[in-house]
Amino acid sequence: MKALFVSRKDIVSKTPIGGVVDADNLMQYIEIAQDLNIEPQLGTELYERLQNDIINNTLAGDYKALLTDYIKPMLIHFAAAEFLAYAAYKVANGGVYKHTSENGESVSKDEIDFLVEKQRKTAKVYEDRFNDYMCSNASTKFPEFYSNSGSDIHPSRRTNFTNWVL
């Protein structure tokens with residue numbers, strides 16, 4: 001069993017994605033964004049700790065705050081970027097189709113690319129906040145962040161995780 005760190009409601013309330021979007025169409029992109037963007041930030045051990053706490057309904061304290069304040073905002077926008085890139089298309093037995101609306105007009109690829117990039121930039125701001133927070137708190141609050149071994153995914157070190165100030 002796999003726990004998703006955000007819900008459909010989180011996505012539609014914090015992004016331009018409307019509330020009429022079918023959950024079945026959106027959930028797969030949340031999982032993709034979580035796998036591709038969040039697990040590499042957390043590393044396998046911390047990722048699995050959060051997964052287990054959610055599944056067992058034991059998420060609390062620093063771990064709950066980490067998820068709520070840092071991971072969710074980042075994941076919401078990464079998931080929106082994933083979804084927006086494919087939202088207009090449907091693959092069926094007859095091929096690939098582009099949806100059209102009766103009361104709207106299709107947007108260009110450039111416009112979609114703009115929306116995707118805007119969501120990615122927003123996610124990156126939250127990612128930077130996460131990295132700053134982990135730089136200051138991982139060693140004391142989240143021992144799993146440093147306990148990955150073997151084939152585990154080790155946390156991405158996009159920022160400097162040392163105490164050196166230059």
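In the predicted model, Lys72 is partly exposed, with a relative accessible area of 25%. This lysine forms a salt bridge with Asp10, and the closest N and O atoms of the two side chains are 3.9 Å apart. The pair links distant parts of the chain, since Asp10 belongs to helix 1 and Lys72 to helix 4, with their positions 62 residues apart in sequence. Asp10 has a relative accessible area of 18% and is buried, because the term applies to values under 20%. Side chains of opposite charge can pair when their charged atoms come close.

The structure holds eight salt bridges. A second one joins Glu144 and Arg49, with the closest N and O atoms 2.8 Å apart. Here too distant parts of the chain are linked: Glu144 is located in the segment after helix 5 and Arg49 in helix 3, 95 residues apart. Glu144 is buried at a relative accessible area of 13%, whereas Arg49, with 29%, is partly exposed. In a further salt bridge, the side chains of Asp62 and Lys141 meet at 4.0 Å, N to O. Because Asp62 lies in helix 4 and Lys141 in helix 5, this pair ties together parts that are 79 residues apart in sequence. Both partners count as partly exposed, Asp62 at 33% relative accessibility and Lys141 at 28%. In addition, Lys2, Glu31 and Asp35 are joined into one network by salt bridges that share partners.

The chain as a whole contains five helices and two strands. Along the sequence, these elements follow the pattern α-α-α-α-β-β-α. The C-alpha atoms fill a box of roughly 55 × 40 × 30 Å along the principal axes. Of the 166 residues in the chain, 37% are buried. Among contacts with a separation of 6 or more, 69% are between residues 24 or more positions apart. The accessible surface of the chain amounts to about 10,100 Å², and carbon and sulfur atoms account for 51% of this area.

Helix 2 spans residues 23-42 and bends by about 35 degrees at Gln34. Gln34 is also one of the buried residues of this helix. The buried set further includes the nonpolar residues Leu26, Ile30, Ala33, Ile38 and Leu42, together with Tyr29, Asn37, Glu39 and Gln41. The cover over these buried residues includes helix 1 (8-14), helix 3 (44-55), helix 4 (61-86) and helix 5 (109-141). Just after helix 2, Gly43 adopts a positive phi of about 85 degrees.

The two strands form a hairpin, in which two residues join strand 1 to strand 2. Strand 1 comprises residues 89-92 and pairs with strand 2 in the antiparallel sense over four bridges. Within this arrangement, Tyr89 stands opposite Lys98 of strand 2. In a regular strand the side chains alternate between the two faces of the sheet. Tyr89 also contributes to a nonpolar surface patch of about 320 Å², which it makes with Val91 and Val96. Val96 is part of strand 2, residues 95-98. With 59% relative accessibility, Val96 counts as exposed, because that term requires a value over 50%.

Two further residues were examined outside the helices and strands. Ser106 is found in the loop between strand 2 and helix 5 and is partly exposed, with a relative accessible area of 43%. Ser106 and Ala88 are separated by 18 residues in sequence and by 8.7 Å in space, C-alpha to C-alpha. Asp152 lies in the segment after helix 5. At 18% relative accessibility, Asp152 counts as buried. Leaving aside residues up to four places away in sequence, Asp152 touches Thr44, Glu45 and Ser147. Asp152 and Lys9 are 143 residues apart in sequence, and their C-alpha atoms are 31 Å apart in space.

Notes: Residues are numbered from 1 along each chain as its sequence is written. This is a predicted model: local features need pLDDT of at least 70, side-chain atom pairs count only at pLDDT 80 or more; totals for chains, interfaces and linings use all residues. Side-chain values use heavy atoms; hydrogens and water are left out. Patches are made of residues with over 30% relative accessible area and no salt bridge: like charges are joined within 9 Å, nonpolar side chains (Val, Leu, Ile, Met, Phe, Trp, Tyr) within 5 Å. Accessible areas come from the Shrake-Rupley method with a 1.4 Å probe; for residues, only the protein chains shown count as cover. Buried means under 20% relative accessible area, exposed over 50%, partly exposed in between (1.4 Å probe, protein chains only). Two strands pair if DSSP finds at least two bridges between them. The bend at a residue is the angle between axes fitted to the seven residues ending there and the seven starting there. Contact means heavy atoms within 4.5 Å.
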